[in-house]
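User: I am new to this structure and would like a close look at a single part of it. Please start from one side chain, then place it in the rest of the chain.

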Amino acid sequence: MTAGTKPLMTKFGSPWLDQFPKSRVPAYARQGGATQTDVVVVGGGLAGCMSAYAFAAAGVKVMLVEAGQIGRGSSGSVNGWIAEEPGVTLVALEKLIGARDAKRVWQMWRRAALDCAALLRRLEVKCQLEPGGTITVAVTPDEIARLKREQKARRDAGIDAPLLTPPLVKNETGLQAGAAIRAKDGATLDPYRACLGLAAAAAERGALVFERTPVKKTTFTRKDVTVVTSGGSIRANRVVITTNVPTAIFKALIRHFWLRTTYLALTEPVPAKLRQQLGRRAGVLRDSANPVHLVRWLDDRLMVSGADAETVPLPQRAKTLVQRTGQLMYELSTMYPDVSGIQPAFGWAADYALTVNGLPCLGPHRNFPHHLFALGDASQSITGAYLASRVLLRQHFEEMDPIDKVFAFRR
């Protein structure tokens, strides 16, 4: 290292968790003994907390059990994006499930994005919620051609997707791009604070929330299901599994998914003069690379996610995280060359599961009576967690929407 060079001081872990005051982290009791309820929600991330709130608000007696602490798993590591799009292009989805169902899914996702933000506002969850759309940019001729096909598909489906000119893209994002699509109904937030707020709201509605309570197994009869935990057991009419990635006790379901990891980096503060050259700093920027990069501002820092890959074994994770953080910073500098000298302040990762058509599996599985699942949301946004809570609630009350079938395990 040359004289005067600042040493790299990257923290490897989520900034959402690192910067939250430790004195304000809530503590919920462990579950113990034998008890009974209507519904058990397994998983204390965003999907679990949203589901616990939805069930409790509907008058259902519900318990939530989390193996660790609320919001400190993958939900505390995502990028904090409420997207109005399901994470798979409309063109691709039309080929996979048909134009009619693809249109309905996109409509559902947009409605869920709006309703998710509205719920957080109504509950007065303090999670730095800010409205902001998404701009998807294309640079190479192939990317521009694909983006224009996508824009036409959205327009034909009645979905608002204005095509932005290069000068407007430059003004909005600071990027030289051939074309871009704007989606305006998204938002950004702090996902950890959102998760804590939703858990508290569920508890206020009567839900019982338990932490540090791993689930050992579930057993079922014709009438009910028993959730066996590290401290006792809970008998219920229904168990709702909201872990996104199948846990060891549901390893038979792994065959439905590819296990993936996305990587994230947050820069050191960007100087004010440079920030002025990087566009309006509102919402989320997405490129057309494979894997996609998502870029957003967090105060005066840039956050970038991408470099998605197959999940590596635990012993390799630390080394891989260091490598992927450096890779992300390099890829960010190819988008914004002027940030090339800025160091990463944080590098972290979030695991997810990917299905054959990119849509999550929401609902029952024939091998597990009295179970409902929310697994395989690969959208990289929080919207899927809210949508899962609504679909699962409909499934519980047997008031399904016909479009819910696209989220079934059999596809």
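With which side chain does the side chain of threonine 218 make a polar contact?

Analyst: The side chain of threonine 218 makes a polar contact with that of histidine 371, at 2.9 Å. This is a distance in a predicted model.

Threonine 218 belongs to strand β12, which covers residues 215–220. Its relative accessibility is 16%, so threonine 218 counts as buried; the cut-off for that class is under 20%. Setting aside residues within four places in sequence, threonine 218 is in contact with Val225, Thr226, Val227, Phe250 and His371. Histidine 371 therefore appears both in this contact list and as the polar partner at 2.9 Å.

The loop leading from β11 (208–210) to β12 holds arginine 212. Arginine 212 is not a glycine, yet its phi is positive, near 50°. Most residues other than glycine have a negative phi. With a relative accessibility of 35%, arginine 212 counts as partly exposed, whereas threonine 218 in β12 is buried at 16%.

The rest of the chain gives the setting. There are 10 helices and 22 strands in the protein chain. Of its 411 residues, 55% are buried, and threonine 218 is one of the buried residues. Among contacts between residues at least 6 apart in sequence, 76% join residues at least 24 apart. For 411 residues, a compact globule would have a radius of gyration near 22 Å, and the value of 21 Å for this chain agrees with that. Along the principal axes, the C-alpha atoms fill a box of roughly 60 × 55 × 40 Å. The exposed area is about 18,700 Å², of which carbon and sulfur atoms supply 52%.

Another buried site is valine 391, in helix α10 (residues 383–396). Valine 391 has 0% relative accessibility and so counts as buried. Not counting residues up to four places away in sequence, valine 391 touches Met108, Leu362 and Asp404. The C-alpha atom of valine 391 is 9.5 Å from that of serine 51, although the two residues are 340 apart along the chain. In the segment after α10 comes glutamate 398, a residue other than glycine with a positive phi, near 55°. Glutamate 398 has a relative accessibility of 65% and therefore counts as exposed.

Helix α6 (residues 166–173) has Val169, Glu172 and Thr173 as buried residues. Seen down the axis of α6, the buried residues fall within an arc of 75°, so they line one face of the helix. Their cover includes strands β7 (134–138), β8 (163–164), β9 (179–183) and β17 (284–286). Just after α6, glycine 174 has a positive phi of about 80°.

Strand β17 also borders a loop, the one between β17 and β18 (294–298), where proline 291 sits. The peptide bond from asparagine 290 to proline 291 is cis, with omega near 5°. Most peptide bonds are trans.

As for confidence, the average pLDDT of the protein chain is 94, and 98% of the residues score at least 70. Residues 1–7 have a pLDDT below 50, and this stretch has 3 contacts in the model beyond near neighbours in sequence.

Technical notes. Residues are numbered from 1 along each chain as its sequence is written. Side-chain values use heavy atoms; hydrogens and water are left out. Buried means under 20% relative accessible area, exposed over 50%, partly exposed in between (1.4 Å probe, protein chains only). Helices (H or I, at least four residues) and strands (E, at least two) are DSSP runs, numbered from the N terminus. The arc is that of the directions from the helix axis to the C-beta atoms. Contact means heavy atoms within 4.5 Å. pLDDT is the predictor's confidence in each residue, from 0 to 100. A polar contact is a pair of N or O atoms within 3.5 Å; within protein, one must be able to donate a hydrogen and the other to accept it, and residues adjacent in sequence count only if both atoms are side-chain atoms. The radius of gyration is taken over C-alpha atoms; the globule rule is 2.2 Å times the number of residues to the power 0.38. Accessible areas come from the Shrake-Rupley method with a 1.4 Å probe; for residues, only the protein chains shown count as cover.
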